[in-house]
Amino acid sequence: MATAYAKCFDPNGARYGIPTYPWRMAPDGYATRRQLRARGLRPGGQPVAAQVMVFNRRHGARVAYLYLEELAKPVRPMTSRKWGALALAMLARRTCPRCQVIYSYCLSTRHGICGLCINAEEQRAA
């Protein structure tokens, strides 16, 4: 058994506290949050049931938590108020706070203002 595989294989949970499997080796019945979401489900408050682990030289140990599919609940539908709140939040991300122009794309969070305001600011500084 390879060393990296041996570090990741702990189906009883003796080493890590919860059952641990190597990457892509988890048994059927477990899913990550993204896998649940793709199936229209959510964890629904259940605790983490297991984890998938992989080791590499660059990042060290990386872990993905797994949940039981049978305990997962359906995703709650979006209400009209949630859609409205989301629309307002996206509008705020597309509006320049200096010139109040609304763009068709989200402004960079690095500067927080549009490109025209950045250029004007640089010209004033020079």
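Q: Hi! Which residues make up the largest nonpolar core here?
A: Happy to help! This is a predicted model, and its largest nonpolar core has 7 residues: C96, Y103, L107, I113, C114, C117 and I118.

Q: Okay, let me pick L107. What does L107 touch, leaving out residues up to four places away in sequence?
A: L107 touches R93, R94, T95, C96, I113 and C114. Among these, C96, I113 and C114 are also listed in that nonpolar core.

Q: Is there a general tendency behind cores like that? What do nonpolar side chains tend to do in soluble globular proteins?
A: They tend to be buried together.

Q: Now the outside. Which residues make the nonpolar surface patch of about 390 Å²?
A: That patch is made by M78, W83, L86 and M90.

Q: Let's zoom in on W83. Where does W83 lie, and is W83 buried or exposed?
A: W83 lies in helix α3, which covers residues 80–94. W83 is exposed, because its relative accessible area is 51%, and the cut-off for exposed is over 50%.

Q: Switching topic: where does Q46 lie?
A: You'll find Q46 in the loop between β3 (41–42) and β4 (50–56).

Q: And is Q46 buried or exposed?
A: Q46 is buried: its relative accessible area is 12%, and buried means under 20%.

Q: Which backbone oxygens lie 3.3 Å and 3.0 Å from a polar atom of the Q46 side chain?
A: The one at 3.3 Å belongs to P43, while the one at 3.0 Å belongs to L68.

Q: What does Q46 touch, again not counting residues up to four places away in sequence?
A: Q46 touches Y67, L68, L71 and A72. So L68 appears both as a residue touching Q46 and as the owner of that backbone oxygen 3.0 Å from a polar atom of the Q46 side chain.

Methods:
Residues numbered from 1 in each chain as written. Predicted model: local features only at pLDDT ≥ 70, side-chain atom pairs only at ≥ 80, totals over all residues. Heavy atoms only, no water. Patch = residues over 30% accessible without salt bridge, like charges linked within 9 Å, V, L, I, M, F, W, Y side chains within 5 Å. Areas by Shrake-Rupley, 256 points an atom, 1.4 Å probe, with all protein chains shown as cover. Salt bridge = Lys/Arg side-chain N within 4 Å of Asp/Glu carboxyl O. Helix = DSSP H or I, 4+ residues; strand = E, 2+ residues; numbered from the N terminus. Buried < 20%, exposed > 50% of the residue type's maximum accessible area, 1.4 Å probe, protein only. Polar contact = N/O pair within 3.5 Å; in protein donor to acceptor, adjacent residues only side chain to side chain. Contact = heavy atoms within 4.5 Å. Core = buried A, V, L, I, M, F, W, Y, C linked by side-chain atoms within 4.5 Å.
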